[in-house]
Amino acid sequence: MLSTRLTNARFLTMDPDHPVAHDLGIWQGRIVGLDAAVTSLPAREVIDLQGATVLPGFIDAHVHLAWTGFKENTPSIAGCTRVDEVLAVVEEAVLQKGTPGAWVSIAGYDQRALGRHLTAAELDTVSHGHKLFLLHDSGHGCVVNSAVLDLLPADLSRDGGFLAEGAMGAARALRLPYSQRELADAIGRAARTCLAEGVTACAEAGIGGTLVGHSPVELGAYQLAREEGLLPLRVQLMVSADRLHPVAAHEADGIPRSLDLGLRTGFGDDRLSVGALKIFTDGGMMARTAALSSPYEGLGHAGQLQDDPDVLADTIVDGHLAGWQLAVHAIGDRAADIALDALERAQRLRPRPGARHRIEHAGLIRPDQLPRLARLGVSAVVQPNFLRYFGDDYAAIMGEERAPWLYRGRAFLDQGITLVGSSDRPVTDGSPLRAIQFMVERASESGQVIGPDEALTVDEALRSYTVAGAFACHWDDRLGSLTPGKLADLVVLGDDPRRVDPSRIGDIEVVATYVDGRWTGKAAS
């Protein structure tokens with residue numbers, strides 16, 4: 001007997017052997033059959049989906065759950081376009097903080113809305129003795145007041161109060177780590193947001209590091225969230241390469257650096273597991289710290305690397321030798337060069353053709369870099385909504401020649417490179433459907449078309465959030481398509497993305513999600 005039979009729906013299976021179905025049978029959390037194979041079988045529950053469209057649950061291969069959850073509960077200056085507006089919001093948050101000298105966090109900072117960066121001196125006027133930390137929306141910088149600057153080493157680059165990359169990490173290190181209780185609650189809030197947008201599995205893009213996470217015991221917070229029922233979707237945890245350290249392993253193992261006990265990619269189960277090793281090579285375009293091979297348009301610099309190129313390359317090679325899948329953050333084309341050189345060296349030293357290494361973001365990839373990505377079997381994990389919301393700005397700072405290379409689509413597929421959709425939430429909107437719409441249209445919110453030759457078909461865009469996402473996370477044996485034997489993770493939509501006008505894809509209603517064949521509830525409005 002089936003646990004559940006879903007009927008009267010249009011199942012877009014993403015499986016070429018049975019691309020469309022009308023009935024789907026579930027037993028013990030797995031798909032056991034489609035159409036005639038299950039139609040006549042008895043079931044404890046038969047659910048009429050009344051003609052809805054059903055897809056495999058979306059997989060977001062690059063998110064920040066804890067950061068998303070914290071941001072939802074943090075005072076924000078998003079939408080402020082004048083310095084006095086920002087300072088008013090900050091002062092209100094400060095005055096609500098009763099503890100003298102306490103840290104006050106503010107979300108939503110983006111200098112582009114103001115036309116320049118805030119300064120520590122301006123923040124001092126509203127700090128009332130508190131330590132202020134305004135996190136840049138990119139996650140690659142912050143603005144702090146003088147009370148924080150006074151605690152930092154004098155030789156640290158501070159640019160009037162704006163701290164980028166490692167300097168930001170130094171400021172964060174001054175604060176107490178988050179507690180596991182705080183982290184678990186934040187993770188739970190973010191997980192519910194993901195489910196509401198049809199995401200049933202995701203990869204958390206970096207725990208335990210100074211740039212994103214802020215706890216030496218962050219993995220335990222995910223375990224706590226799971227134990228308390230706060231983790232209703234599947235999560236794979238990327239571990240920050242900051243955590244690697246020398247180990248005295250047997251010389252035959254060839255492991256120069258590792259985590260304690262040799263923990264690496266693959267540990268865990270279907271609900272919570274350890275994924276790739278996250279390695280930062282550069283910053284971000286919003287903060288103008290992505291490392292380019294030639295300067296930004298109108299600016300006198302070309303971004304920055306996170307460390308000396310040889311240090312970055314050695315970390316990539318050591319992670320590969322230790323058996324990790326690697327997720328190398330490389331937004332600018334200079335950073336991509338360093339990543340590709342190091343991955344090539346690593347594979348020469350110890351060939352691992354099934355490693356499925358990834359370039360996270362691949363924001364600016366030159367034409368000459370495409371064949372190298374393909375040859376190395378590296379996946380490109382992109383964030384289409386970056387261009388949907390920030391595309392006008394990104395195109396301007398790249399210039400006419402480079403703008404068509406931003407967050408590519410078609411060029412990756414034409415080269416045989418696995419193209420993986422993701423959001424990087426909370427940096428921008430996490431909706432897979434809105435990202436899929438951009439991948440088809442290549443149009444920013446203003447209507448500017450960016451790299452029209454990179455446009456995909458709807459089917460190709462859907463695959464990036466299902467089949468390709470599963471492949472990138474080593475989940476392809478259990479997720480990504482509605483195939484008998486795979487886990488029954490589904491998203492129920494109010495319309496068929498392949499049948500509506502592309503301009504309407506992002507507005508399709510997410511009616512419900514199923515994880516392990518169990519209904520998680522109607523999506524939030």
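Pro-426 is found in the loop that connects strand E21 (419-421) with helix H15 (432-441). In this predicted model, the peptide bond leading from Arg-425 into Pro-426 is cis, and its omega is near 10 degrees. Most residues other than glycine have a negative phi, and most peptide bonds are trans.

**Backbone angles in the loops**

Beyond H15, the chain enters the loop between H15 and helix H16 (458-464), where Arg-442 is placed. Although Arg-442 is not a glycine, its phi is positive, at about 60 degrees. Arg-442 counts as buried because its relative accessibility is 2%, the limit for that class being under 20%.

His-128 is another residue other than glycine with a positive phi, in this case near 50 degrees. His-128 belongs to the loop between helix H5 (120-124) and strand E10. With a relative accessible area of 46%, His-128 is partly exposed. A positive phi, near 75 degrees, also occurs at Gly-229, which follows helix H9.

**The sheet E9-E10-E11-E12**

Strand E10 is part of an open sheet of 4 strands, arranged in the order E9-E10-E11-E12 with mixed pairing. Strand E9 (103-109) and strand E12 (162-164) form the edges, each pairing on one side only. From one strand to the next, the twist averages 25 degrees.

E9 and E10 (residues 131-136) are joined in the parallel sense by 5 bridges. One of the bridge partners is Lys-131 in E10, which is matched with Trp-103. Helix H3 (residues 83-95) lies across both E9 and E10, and its direction is at about 150 degrees to that of E9.

**Strand E1 and its partners**

Strand E1 (residues 2-7) is largely enclosed by the rest of the structure, because 5 of its 6 residues are buried. E1 pairs with strand E6 (residues 43-48) in the parallel sense over 5 bridges. E1 is also joined to strand E4 (residues 24-27), here by 3 bridges and in the antiparallel sense. Arg-5 takes part in both pairings: Val-46 stands opposite Arg-5 in E6, and Gly-25 is the bridge partner of Arg-5 in E4.

**Two helix pairs**

The table sets out the geometry of two packed helix pairs.

| Helix pair | Crossing angle | Axis separation |
|---|---|---|
| H8 (residues 180-196) and H9 (residues 218-227) | roughly 60 degrees | within 8 Å |
| H10 (residues 309-321) and H11 (residues 333-349) | about 40 degrees | 9 Å |

At this angle, H8 and H9 are oblique to each other, and H8 passes H9 in a right-handed crossing. On the H8 side, the contact is made by Gln-180, Arg-181, Leu-183, Ala-184 and Ile-187. H9 contributes Glu-218, Gly-220, Ala-221, Tyr-222, Leu-224 and Ala-225 to the contact.

Which residues of H9 are buried? They are Glu-218, Gly-220, Ala-221, Tyr-222, Leu-224 and Ala-225. The buried residues of H9 pack against two helices and three strands, namely helix H2 (65-72), H8, strand E13 (199-207), strand E14 (234-240) and strand E17 (272-280).

For the second pair, the angle of about 40 degrees between H10 and H11 makes H10 oblique to H11. The crossing of H10 and H11 is right-handed. Residues of H10 in the contact include Pro-309, Leu-312, Ile-316, Val-317 and Leu-321. Among the contributors from H11 are Arg-334, Ile-338, Ala-342, Leu-343, Ala-346 and Leu-349.

**The surroundings of His-361**

His-361 is located in strand E19 (residues 358-361). Is His-361 buried or exposed? Its relative accessibility is 2%, so His-361 counts as buried. The side chain of His-361 makes a polar contact of 3.2 Å with the side chain of His-329.

Setting aside neighbours within four places in sequence, His-361 touches His-329, Ala-330 and Ile-331, as well as Val-381, Val-382, Gln-383 and Phe-386. The remaining contacts of His-361 are with His-62, Tyr-407 and Asp-424.

Methods: Residues are numbered from 1 along each chain as its sequence is written. This is a predicted model: local features need pLDDT of at least 70, side-chain atom pairs count only at pLDDT 80 or more; totals for chains, interfaces and linings use all residues. Side-chain values use heavy atoms; hydrogens and water are left out. Two strands pair if DSSP finds at least two bridges between them. Axes are lines fitted to C-alpha atoms, for helices over the stretch in contact, and angles run from 0 to 180 degrees between N-to-C directions. Contact means heavy atoms within 4.5 Å. Buried means under 20% relative accessible area, exposed over 50%, partly exposed in between (1.4 Å probe, protein chains only). A polar contact is a pair of N or O atoms within 3.5 Å; within protein, one must be able to donate a hydrogen and the other to accept it, and residues adjacent in sequence count only if both atoms are side-chain atoms. Angles under 35 degrees count as roughly parallel, over 145 as roughly antiparallel, 65 to 115 as roughly perpendicular and the rest as oblique. A crossing is left-handed if the near helix is turned anticlockwise from the far one by less than a right angle, and right-handed if clockwise.
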